[in-house]
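Student: I would like to learn how to read the features of a protein model one at a time. Could you take me through this one, beginning with how a pair of helices is described?

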Amino acid sequence: MTTVMETTGLQATGLVKHFGTTAALDGFDLSVAAGEIAGLIGHNGAGKTTFARVTAGLLSPDAGQVRVAGMDVAQSPARVRPLLGLAPQELALYPTATARENLYLFAGLYGLRRREARQRIGQVVDALVLGGVLGRRVRDLSGGQQRRLQAATAMLHRPRVLLLDEPTVGADPVTRDALLAAVRAVAAEGAAVVYTTHYLPELDTLNATLAVADHGRVVARGDRAALLATLPRGAAGDPPPTLDDLYRRLVSA
Amino acid sequence: MSRLPVVRLAAEVRHQTTLLARDPGPMIGYLVMGLLLITVTRPLYIALDRLGAAPAAAGTDQAAAGMAVMFSLFALKIGAAHLLNERTWHTWDRLRSSPASFGEILAGKSVPILIAVLGQQALLFGVSAAAFGLHPAAGWPALAACALAWSACVLLLGVGASTLARTPAQLSAAGDIFALLTTVLGGALVPVALLPGWLRAIAPASPGYWALAAYHGALTGSASQLGRPLAMLGVFALVGVGVAALIGAGQSGRLRPGARARAARGPA
């Protein structure tokens, strides 16, 4: 029987991806429901970015399957891609084009016609506080503005699954607040969000569930509070365990 | 029928046109250099014609056709550099993860570049007609057909080259060598009849040779002489497409049938 989550969110099962002799993904399982923000954390090289690239159809898995809204990414790429939004870890914008030109390109690539694109760009620009920079070339924007613009290009088409790979790297607090608020809004509209980060307090702000990746697989998954409850209690008067404590315990085990 | 491919293609064409327009210097440079060289080499080719040394390459016709071939090849580097930029800017992956197909992406990027190369050739031949009395014996439509075929060939070879190069420096060096080799072997600078025997023997391996043959046919012969050269340009264009499809699609790592089958089988 097919569950609601299997037809609306994201399900990755048994993903394996090798680069030479290195297993970037080694039985990676992750399910994210519609409307859920899953915080994906782990060491560099734990498989987070490879997972995002496989999910976006940029890499073929050696084994396993990713389903988006019930459709297999490998079998139905043309049907899945319109449902995905990807903001990769590295900046991927056209530096000689203006912010507006970048936004209109991605709006067009996702099939938004001119009027719809204008309306949607207005909404996303407001949400990410980019109104003052639309006419400036990307290379002249600050790092934080570029980060917000990149996220905006991934959110324009109201994706059903949004993959954000370390979107706040190098971002100032204002940029971070704007981004996190926009991510919450996207999830509230029903998108399944995979949010990769090394800044664990962001996951509290996002009220995200947690997925901890290590050596190419997810070693812990669930509600933050429930996972924190699995940690041993300190002596009376000690501060309660934090996500940092949980992370250190899981990935160093 | 869904209009979505049209919307995507229009967005990509508009964007690529913007990127080209942002940096017009190289294209203008190649145009000015072409016009200068037509002006200074024309007397040489007229003298050669009088000597009967290279009967197929007469005066203004040779100067204009030769420079059109040479500088469209240099302009090719501009197009290839734009494609390479997609990789260095990491935008190629964004395009690939979008709903646009490989063909749509390539078409969207290629159309503005094709128009730019065509415009360059139109100006070279137009100025030659206005200033030096160039007149295509087979008619302007025949000359336009040759320019279109050659521009498309050049563009598709550039697409192939951009998939082979890893860095802008590699592309620039390889592009210069390829452009010069193709130009020299094709007879764009020195008419093929005056090349050493061993170079004459391998000249048909150059797409420039067939471009010159097509242009000479349009300028001094009749439309019936264009069939073979245009067909050969089509063959070279297919080589460019083949390289792009094999290497470009392979590098892109897009989901391939073999990989799908492996994934469906599960871990070994």
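Tutor: Let us begin with two helices of chain B, keeping in mind that this is a predicted model. A helix pair is described by an angle and by a distance between axes, and here α3(B) and helix α5 (residues 102-132) of chain B pack at an angle of about 160°, with their axes 10 Å apart.

Student: What direction do α3(B) and α5(B) take relative to each other?

Tutor: Angles over 145 degrees count as roughly antiparallel, and α3(B) and α5(B) are therefore roughly antiparallel to each other. The crossing also has a hand, and α3(B) passes α5(B) in a right-handed crossing.

Student: Which residues of α3(B) and α5(B) meet?

Tutor: On the α3(B) side they include Ala64(B), Met67(B), Phe71(B) and Leu83(B), and on the α5(B) side they include Ile113(B), Val117(B), Leu124(B) and Phe132(B). Sorted by class, the contact of α3(B) with α5(B) has 11 nonpolar, 7 polar and 1 charged residues.

Student: How is the pair formed by α2(B) and α3(B) arranged?

Tutor: Helix α2 (residues 25-51) and helix α3 (residues 59-88) of chain B pack at an angle of about 155°, and their axes are 7 Å apart. By the reasoning we used before, α2(B) and α3(B) are therefore roughly antiparallel to each other, and their crossing is right-handed. Among the residues that make the contact are Tyr30(B), Leu37(B) and Tyr45(B) of α2(B), together with Met67(B), Phe74(B) and Ile78(B) of α3(B). The residues of this contact divide into 15 nonpolar, 5 polar and 2 charged.

Student: How many helices and strands does chain B have in total?

Tutor: Chain B has 11 helices and 0 strands. Of its 268 residues, 46% count as buried. It also helps to ask how far along the chain the partners in a contact lie: among the contacts in chain B with a separation of 6 or more, 78% are between residues 24 or more positions apart.

Student: How do I judge whether a single residue, such as Ala107(B), is buried or exposed?

Tutor: One counts the other C-beta atoms within 10 Å, where 20 or more make a residue buried and 12 or fewer make it exposed. Ala107(B), which is found in helix α5 of chain B, has 17 such neighbours and is therefore partly exposed. Its C-alpha atom is separated by 11 Å from that of Ala11(B), although the two residues are 96 residues apart along the chain.

Student: Where does Thr50(A) lie, and is it buried or exposed?

Tutor: Thr50(A) lies in helix α2 (residues 48-55) of chain A, and with 22 C-beta neighbours inside 10 Å it counts as buried. Leaving aside residues up to four places away in sequence, Thr50(A) touches Lys17(A), Ala24(A), Leu25(A) and Leu59(A). Of these, Lys17(A) is 33 residues away in sequence, and its C-alpha is 8.0 Å from that of Thr50(A).

Student: How is a whole helix read, for instance α9(B)?

Tutor: One can compare its length with what is expected and then count its buried residues. At 1.5 Å a residue, the 14 residues of helix α9 (residues 207-220) of chain B should span 20 Å, and its end C-alpha atoms are 20 Å apart, which agrees. Of those 14 residues 13 are buried, so α9(B) is largely enclosed by the rest of the structure.

Student: What would the reading be for α6(A)?

Tutor: Helix α6 (residues 143-155) of chain A has 13 residues and reaches 19 Å from its first C-alpha to its last, close to the 18 Å expected. Because 11 of its 13 residues are buried, α6(A) is largely enclosed by the rest of the structure. The buried residues, including Leu149(A) and Met155(A), pack against β6, α4, α5, β7 and α7 of chain A.

Student: How many residues of chain B are in contact with chain A?

Tutor: In this case 30 residues of chain B are in contact with 37 residues of chain A. On the chain B side, α1, α4 and α11 each supply at least two residues, and α1(B) gives the most, with 9 residues. What covers the buried residues of α1(B) includes α4 of chain A together with α5 of chain B.

Conventions:
Residues numbered from 1 in each chain as written. Chains lettered and ligands numbered in written order. Predicted model: local features only at pLDDT ≥ 70, side-chain atom pairs only at ≥ 80, totals over all residues. Contact = placed C-beta atoms within 7 Å. Helix = DSSP H or I, 4+ residues; strand = E, 2+ residues; numbered from the N terminus. Axes fitted to C-alpha atoms, helices over the stretch in contact; angles between N-to-C directions. Parallel < 35°, antiparallel > 145°, perpendicular 65-115°, else oblique. Left-handed = near helix turned anticlockwise from the far one by under 90°. Nonpolar A, V, L, I, M, F, W, Y, C, P; charged D, E, K, R; others polar. Expected span 1.5 Å × (residues − 1).
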